[in-house]
Amino acid sequence: MYEKEDFKNYLRINFDEDDKTIESFWHGAEEYICTRVSIKATPKLLSKYEMFPVAVKLLATQWYQTKMPIPQSTSVKANTNEIPFGVNALIYSIQARFYNDSEFDELKNTDIKNGNI
């Protein structure tokens with residue numbers, strides 16, 4: 001869950017001029033992680049895993065510090081950074097927990113589960 005003052009303290013920011021930017025990076029990081037976990041994942045569903053806010057905080061911090069939310073690819077020739085390895089490792093761990101969660105069935109109501117691929 002996003003708490004602006006806690007995140008600003010983590011970033012060591014004591015001014016309000018970047019509040020909208022900080023909030024955008026936080027929510028963008030949530031969405032990025034959700035889409036990497038599952039098409040059905042939402043911040044609310046993933047918030048039960050302690051690793052989720054940690055991953056969001058690390059990714060939002062990376063984007064805020066570099067002011068570059070787009071990772072470098074072979075087609076983008078800019079001085080940007082890839083998603084940090086620690087964030088990727090957390091995403092994989094969250095994804096594994098999400099897919100193996102007894103409260104969630106990724107294949108529920110899909111053609112894959114019914115044998116119709």
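## Helix H4 and its packing against H2

H2 and H4 pack at an angle of about 125 degrees, with their axes 8 Å apart, where axes are lines fitted to C-alpha atoms, for helices over the stretch in contact, and angles run from 0 to 180 degrees between N-to-C directions. That makes H2 oblique to H4, since angles under 35 degrees count as roughly parallel, over 145 as roughly antiparallel, 65 to 115 as roughly perpendicular and the rest as oblique. The residues in contact (heavy atoms within 4.5 Å) include Phe-25 and Trp-26 of H2 and Leu-59 and Trp-63 of H4.

This is a predicted model, in which local features need pLDDT of at least 70 and side-chain atom pairs count only at pLDDT 80 or more, while totals for chains, interfaces and linings use all residues. Residues are numbered from 1 along each chain as its sequence is written, and side-chain values use heavy atoms, with hydrogens and water left out.

Helices here are DSSP runs (H or I, at least four residues), numbered from the N terminus. Among the buried residues of H4 are Met-51, Ala-55 and Tyr-64, buried meaning under 20% relative accessible area and exposed over 50%, with partly exposed in between (1.4 Å probe, protein chains only). The cover over the buried residues of H4 includes helices H1, H2, H3 and H5.

Two residues have a positive phi, as the table shows.

| Residue | Place | Phi |
|---|---|---|
| Lys-67 | follows H4 | near 55 degrees |
| Arg-12 | loop between H1 and H2 | near 60 degrees |

Arg-12 is exposed, with a relative accessible area of 78%.
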